[in-house]
Amino acid sequence: MTPQCPNCQSESVVTRDLARKIAAFIGTLGGAARGYSGASVGAEIGSSLGLVAGPPGAALGGLAGAILGALVGGAAGCMAGARLGEVIDEHVLDNYQCLACGQTFSQRHPG
C-alpha cells in the first residue's frame with residue numbers, strides 16, 4: 001500500500017530513512033573499531049600462518065588478520081545499526097516525505 005500525503009493527498013511519497021542511515025554509519029564505525037581492537041587474535045593467527053613465508057609473511061598475515069577483524073566487525077555493526085534505525089524511523093520519526101508539497105509525516109500518525 002502506497003502511503004498518501006495527509007496534506008495534499010499525493011501518492012508521490014518517498015521514505016527518508018534518516019535514522020537508518022545515521023545508525024548504520026555509527027554502527028559501522030563502532031563495529032569496525034571493536035573488530036579491529038579485538039582482532040589481536042586474528043592478527044596472531046595470521047602471523048602464525050604467515051611464518052611459513054618468513055618475517056614478511058608474518059607481518060602481512062598479522063595485518064590481514066587485523067583488517068579482516070575490522071571488516072567483519074564493521075559489517076556486523078552496520079547491520080545492527082541499520083535495524084535499530086529502521087525501528088526508530090518507523091516508530092519515532094516522520095519517515096515519509098511528499099514530493100509534491102514537501103510535507104513530512106509518519107504512516108501511523110498522519111498529519
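Colleague: Why is Asp17 called buried?

Modeller: In this predicted model, Asp17 has a relative accessible area of 18%. Buried means under 20%, so Asp17, at 18%, is buried.

Colleague: Where does Asp17 sit?

Modeller: Asp17 lies in the loop between strand 1 and helix 1, the latter covering residues 18-37.

Colleague: What makes the phi of Asp17 worth a remark?

Modeller: Asp17 is not a glycine, yet its phi is positive, at about 55°. Most residues other than glycine have a negative phi.

Colleague: Which residue in the segment before strand 1 should be mentioned here as well?

Modeller: Gln9 is found in that segment. Its phi is near 65°, again a positive value in a residue other than glycine.

Colleague: Why is Gln9 classed as partly exposed?

Modeller: The relative accessible area of Gln9 is 45%. Partly exposed covers what lies between the 20% limit for buried and the 50% limit for exposed, so 45% puts Gln9 in that class.

Colleague: How do you know that Asp17 and Arg20 form a salt bridge?

Modeller: Their side chains meet at 3.7 Å, N to O. The rule asks for a nitrogen within 4 Å of a carboxyl oxygen, so the pair qualifies. While Asp17 is buried, Arg20 is partly exposed, with a relative accessible area of 29%.

Colleague: How many salt bridges does the rule give?

Modeller: The count is two. Besides Asp17 with Arg20, there is Arg83 with Glu86, where N and O are 3.1 Å apart. That value also falls within 4 Å, so this contact counts too.

Colleague: What separates Arg83 and Glu86 along helix 3?

Modeller: Helix 3 covers residues 55-91, and these two are three residues apart in it, which means about one helical turn. Glu86 has 35% relative accessibility and counts as partly exposed.

Colleague: Why is the pair of Tyr96 and Phe105 called stacked?

Modeller: The ring centres are 5.8 Å apart and the planes stand at 25°. Centres must lie within 6.5 Å for a pair, and planes under 30 degrees apart count as stacked; both conditions are met, so the pair is stacked. One aromatic pair is counted by this rule.

Colleague: Where are these two residues in the sheet?

Modeller: Tyr96 stands opposite Phe105, which is in strand 3. Tyr96 and Phe105 are both buried.

Colleague: How do you know that strand 2 and strand 3 pair?

Modeller: Two bridges join strand 2 (residues 96-98) to strand 3, in the antiparallel sense. Pairing needs at least two bridges, so the requirement is met. The open sheet has three strands in the order 1-2-3, with antiparallel pairing.

Colleague: What makes strand 1 and strand 3 edge strands?

Modeller: Each pairs on one side only; strand 1 is 13-15 and strand 3 is 104-105.

Colleague: Why is there no disulfide between Cys5 and Cys101?

Modeller: The closest cysteine sulfur to that of Cys5 belongs to Cys101, at 3.6 Å. A disulfide requires sulfurs within 2.5 Å, so this distance is too far for a bond. Cys8 is in no disulfide either, with the nearest cysteine sulfur, that of Cys98, 3.6 Å away. The whole structure holds zero disulfides.

Colleague: Are Cys5 and Cys8 buried or partly exposed?

Modeller: Cys5 is buried, at a relative accessible area of 1%. Cys8 counts as partly exposed, at 33%.

Methods: Residues are numbered from 1 along each chain as its sequence is written. This is a predicted model: local features need pLDDT of at least 70, side-chain atom pairs count only at pLDDT 80 or more; totals for chains, interfaces and linings use all residues. Side-chain values use heavy atoms; hydrogens and water are left out. Helices (H or I, at least four residues) and strands (E, at least two) are DSSP runs, numbered from the N terminus. Rings of Phe, Tyr and Trp (its six-membered ring) pair if their centres lie within 6.5 Å; planes under 30 degrees apart count as stacked, over 60 as edge-to-face and the rest as tilted. Buried means under 20% relative accessible area, exposed over 50%, partly exposed in between (1.4 Å probe, protein chains only).
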